[in-house]
Amino acid sequence: MTINELIKQLPLTIISEGDLSREISKVFCCDLLSVAMGKAPADCAWVTVMGNVNTLAVASLTDAACVTLAEGTVLDEVVVEQAKTQGITVLATTEPVFDMALQIHQKLTAE
Amino acid sequence: MSDQTGSAGVVLKYTVSPDDFTRAGEASSKVKNILKQMGISPDVIRKVSIAMYEGEINMVIHAHGGEITVTITPQEVLMELKDVGPGIEDVEKAMKAGYSTAPEQVRALGFGAGMGLPNMQGCTDEMKVETELGVGTTITMSVHMEDK
């Protein structure tokens, strides 16, 4: 499933638009960047409440397909600009981490 | 940054700024893009990116920045991270997952969980830590190119 297809089916808003045609491999949850760095699978949809500039760096270096900010987490404008410049897709939802991750997982496995 | 191509491969040099978390990762991103352009396998790129970013973060947190030299040859990507920071008191402890001496403000950013060195070791084929208290630390890491 691509990011675009996911956005159409779930309550997600686009904060920064990268390549929305990217295929998502699986869903990944973690707020500790140190752990996400070592464990986030390539092409994953990463659900987190940690929204800072380092989140972008970790997303980029682990080659995550997109970052999904849960619980209504907002990014600084500067960070949003940086995500746009770097072509990193950042989505947002007011739902809790688990609920959103479960919904993404269900969509991915229903294919 | 400077780079040169010679018989020893491509050599890239970077300076890591001290205490600037917003810029940590710049060098790793640049290396990642260069490796991509060179057509290196995604798995090697991922390992190099993670190991180098962790190293960069460590240099920002603990060592007031430092110098990184990356050498790319057909056989491997060799990274040398050199700082003149305080040195690591107990390398064996520092290599254990979960052991951390990072300050509270670093933990608030999502780092400092004691995963840096273990992650670096996990991503690399060879890793050597040379450290002396009050003098500094040099970490040398190698990620081998996959057999084609």
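Two strands are taken as paired if DSSP finds at least two bridges between them. On that footing, chain A of this predicted model holds an open sheet of five strands, set out in the order S1-S5-S4-S3-S2 with mixed pairing. Strand S1 (13–16) and strand S2 (27–29) of chain A sit at the edges, each pairing on one side only. From one strand to the next, the twist averages 30°.

Both kinds of pairing turn up when the edges are followed inwards. At one edge, S1(A) runs antiparallel to strand S5 (residues 90–92) of chain A, and three bridges join the two. A:Ser16 has A:Val90 as its bridge partner in S5(A). Helix H5 (residues 97–109) of chain A packs on the sheet and touches S2, S3 and S4 of chain A; the direction of this helix makes about 165° with that of S2(A). At the other edge, S2(A) and S3(A) run parallel, again with three bridges between them. Here A:Cys29 finds its bridge partner in A:Val47 of S3(A).

S3(A) is well wrapped, with both of its faces covered. A:Ala45 and A:Val47 lie on one side, A:Trp46 and A:Thr48 on the other, and all are buried. As for A:Trp46, it is found in strand S3 of chain A and counts as buried because it has 24 C-beta neighbours inside 10 Å, the cut-off being 20 or more. A:Trp46 comes within 5.8 Å of A:Cys29, C-alpha to C-alpha, although 17 residues separate the two in sequence. Setting aside neighbours within four places in sequence, the contacts of A:Trp46 are A:Phe28, A:Ala36, A:Ala40, A:Ala59, A:Ala64, A:Val67 and A:Thr68.

One of those contacts, A:Ala59, is also among the buried residues of H3(A). Helix H3 (residues 53–61) of chain A is mostly covered, with eight of its nine residues buried. The buried set runs through A:Asn54, A:Thr55, A:Leu56, A:Ala57, A:Val58, A:Ala59, A:Ser60 and A:Leu61. Within chain A, these residues pack against helix H2 (33–39), strand S3 (45–48), strand S4 (66–69) and helix H4 (77–86); they also pack against H1 and H2 of chain B. Just after H3(A), A:Asp63 takes a positive phi of about 65°.

That brings in the contact between the chains, which takes 17 residues from chain A and 20 residues from chain B. On the chain B side, helix H1 (26–37), helix H2 (42–62) and helix H5 (116–123) each supply at least two of the residues that touch chain A. H2(B) gives the largest share, six residues. By class, the side of chain B that touches chain A divides into eight nonpolar, nine polar and three charged residues.

Two of these chain B helices also pack on each other. The axes of H2(B) and H5(B) come within 9 Å and cross at roughly 155°, which makes the two helices roughly antiparallel, since angles over 145 degrees count as such. H2(B) passes H5(B) in a left-handed crossing. From H2(B), the residues making this contact are B:Lys47, B:Ile50, B:Ala51, B:Glu54, B:Gly55, B:Ile57 and B:Asn58; H5(B) answers with B:Gly116, B:Asn119, B:Met120 and B:Cys123. Five nonpolar, four polar and two charged residues make up the contact of H2(B) with H5(B).

How values were computed. Residues are numbered from 1 along each chain as its sequence is written. Chains are lettered from A and ligands numbered from 1 in the order in which they are written. This is a predicted model: local features need pLDDT of at least 70, side-chain atom pairs count only at pLDDT 80 or more; totals for chains, interfaces and linings use all residues. Two residues are in contact if their C-beta atoms, placed from the backbone, lie within 7 Å. Helices (H or I, at least four residues) and strands (E, at least two) are DSSP runs, numbered from the N terminus. Ala, Val, Leu, Ile, Met, Phe, Trp, Tyr, Cys and Pro count as nonpolar, Asp, Glu, Lys and Arg as charged, and the others, Gly among them, as polar. Axes are lines fitted to C-alpha atoms, for helices over the stretch in contact, and angles run from 0 to 180 degrees between N-to-C directions. Angles under 35 degrees count as roughly parallel, over 145 as roughly antiparallel, 65 to 115 as roughly perpendicular and the rest as oblique. A crossing is left-handed if the near helix is turned anticlockwise from the far one by less than a right angle, and right-handed if clockwise. A residue is buried if 20 or more other C-beta atoms lie within 10 Å of its own, exposed if 12 or fewer, and partly exposed in between; C-beta atoms are placed from the backbone.
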